[in-house]
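Me: Please take a close look at one part of this protein and at how its residues are placed. I should like a single connected account that starts from one residue and then moves on to the surroundings.

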Amino acid sequence: MVGIGTAPDSWGVWFADDPQQTSWTRFLDEVVAAGYTRIELGPYGYLPTDPVRLKDELDRRGLTMTAGTTFEQLHRPDGWDATWRDIAKTAELTAAMGAQHLVVMPSMWRGDNGEIVEERLDHEGQAKHGQAVTELGRRLAEEFGLQTQYHPHADGHIDTQDTVERFLAETDSAYVNLCLDTGHISYCGGDNLELIRKYPDRIGYVHLKQVDPKVLAEVEAEGLSVDEAVRRGVFREPPYGAPELPPVLEALAGLDAEVFAIVEQDMYPCAPDVPLPIAQRTLAYLTAHGGSRSI
Ligand SMILES: O=C1C[C@@H](O)[C@H](O)[C@@H](O)C1=O
């Protein structure tokens, strides 16, 4: 089964607290109105951080939480403390909601203005990073009972197919697997179907998004960041972008395990009335192609 859900990103939410964003109550109400039953936590502090209150808000709306999302900086020699401080609070709240997964993303090598802010990792750096993420996954499993699903990210240290494959080789599948984000993989020139075919046991979780090839070409030509690409609308409503999602859903349905596939159409910033109709159409499209909305 491929269990479809959605996330605050699909309502234009990137930050805990930003007056441009939809309020969290409107987000939750519209998720229900759109017909979804599963959500992600989004940036820590956007939804209530008191676990009793948050659970009550979810229960009242018949929603379950599949995962929290967070970034790491473990490629830095002194990155552990800052990473753990940020991740532990997200992990605690995520686990308290009964979710099983924590989606972890890399730090960026490219800054918001398109500038290079960090050198890419060499082979030794990739090996050390893989070991550190494995250790993170082990602690998240032992201390919070969460499965770590690593999410490659455009402009991040794990982004291209080559870095994703090396990352999988450097990490221990007992503690770390992949959150295949179809949009980020395509944005970086990777092949989602090939990753599912080559690493069926490592696909632990999925984010569904599509890329507009025209906007991507502009962004590449101008050397812009993914943040600017999002502002220009690089992530499109299905089925108007790439990759095609029905073959991805079919390949996921053929895996041994049930997998959550969470719609994450980044649209920061966006006008308040934009997300709901897109979310409704996207859910109808995905369920017509094999995705399941029910809990
Ligand atoms: O999972 C994600 C979280 C967001 O913060 C990020 O920008 C987005 O692209 C994503 O895939």
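Reply: In this predicted model, Arg60 counts as exposed because its relative accessibility is 56%, and the exposed class begins over 50%. Arg60 belongs to helix α2, which comprises residues 51-60. Its side chain is engaged in a polar contact of 2.6 Å with the side chain of Glu57.

That contact links two faces of the helix. Within α2, the buried residues are Leu54, Glu57 and Leu58. These residues lie on the same side of α2, because they cover an arc of only 95° around the axis. Val52 and Arg60, by contrast, are exposed on the other side of α2. Arg60 of the exposed side is thus paired through its side chain with Glu57, a residue that is itself buried.

The buried residues of α2 have several packing partners: they pack against the helices α1 (24-34) and α3 (79-96), and against the strands β2 (38-40) and β3 (64-71). Just after the helix, Gly62 adopts a positive phi of about 70°.

A comparable arrangement can be described for helix α10, residues 245-253. Its buried residues are Leu245, Pro246, Val248, Leu249 and Leu252. They are placed on the same side of α10, because the arc they cover around the axis is only 160°.

As for the wider setting, an unreviewed UniProt entry assigns residues 28-265 to the feature "domain: Xylose isomerase-like TIM barrel". In the model, this span is 44% helix and 17% strand, and its end C-alpha atoms are 16 Å apart.

Helix α6, residues 182-187, includes Ser186 and also His184. Ser186 is buried, because its relative accessible area of 17% falls under the 20% limit. Leaving aside residues up to four places away in sequence, Ser186 touches Asn192, Val211, Leu216, Ala242 and Pro243.

His184 is buried as well, because its relative accessibility is 3%. With the exclusion of residues up to four places away in sequence, the residues it touches are His151, Pro152, His153, Ala154, Lys209, Val226 and Phe235. Two of these neighbours also take part in polar contacts with the His184 side chain. That side chain reaches the backbone nitrogen of Ala154 at 3.0 Å, and it is joined to the side chain of Lys209 by a polar contact of 3.5 Å. Ile278 lies farther along the chain: 94 residues separate His184 and Ile278 in sequence, and their C-alpha atoms are 20 Å apart in space.

His184 also leads to the ligand. The residues around the ligand are Asp9, Trp14, Met105, His151, His153, Asp181, His184, His207, Lys209, Glu264 and Asp266. Among them, His151, His153 and Lys209 are also in the set that His184 touches. A polar side-chain atom of His184 is placed 2.7 Å from an oxygen atom of the ligand. The side chain of Glu264 likewise has an N or O atom 2.7 Å from an oxygen atom of the ligand. For Asp266, the corresponding distance between an N or O atom of the side chain and an oxygen atom of the ligand is 3.1 Å. On its own the ligand has 280 Å² of accessible area, and the protein covers 89% of this.

Notes. Residues numbered from 1 in each chain as written. Predicted model: local features only at pLDDT ≥ 70, side-chain atom pairs only at ≥ 80, totals over all residues. Heavy atoms only, no water. Helix = DSSP H or I, 4+ residues; strand = E, 2+ residues; numbered from the N terminus. Buried < 20%, exposed > 50% of the residue type's maximum accessible area, 1.4 Å probe, protein only. Contact = heavy atoms within 4.5 Å. Polar contact = N/O pair within 3.5 Å; in protein donor to acceptor, adjacent residues only side chain to side chain. UniProt positions renumbered as here; feature names shortened; annotations may be inferred. Arc of directions from axis to C-beta. Near = heavy atom within 4 Å. Areas by Shrake-Rupley, 256 points an atom, 1.4 Å probe, with all protein chains shown as cover.
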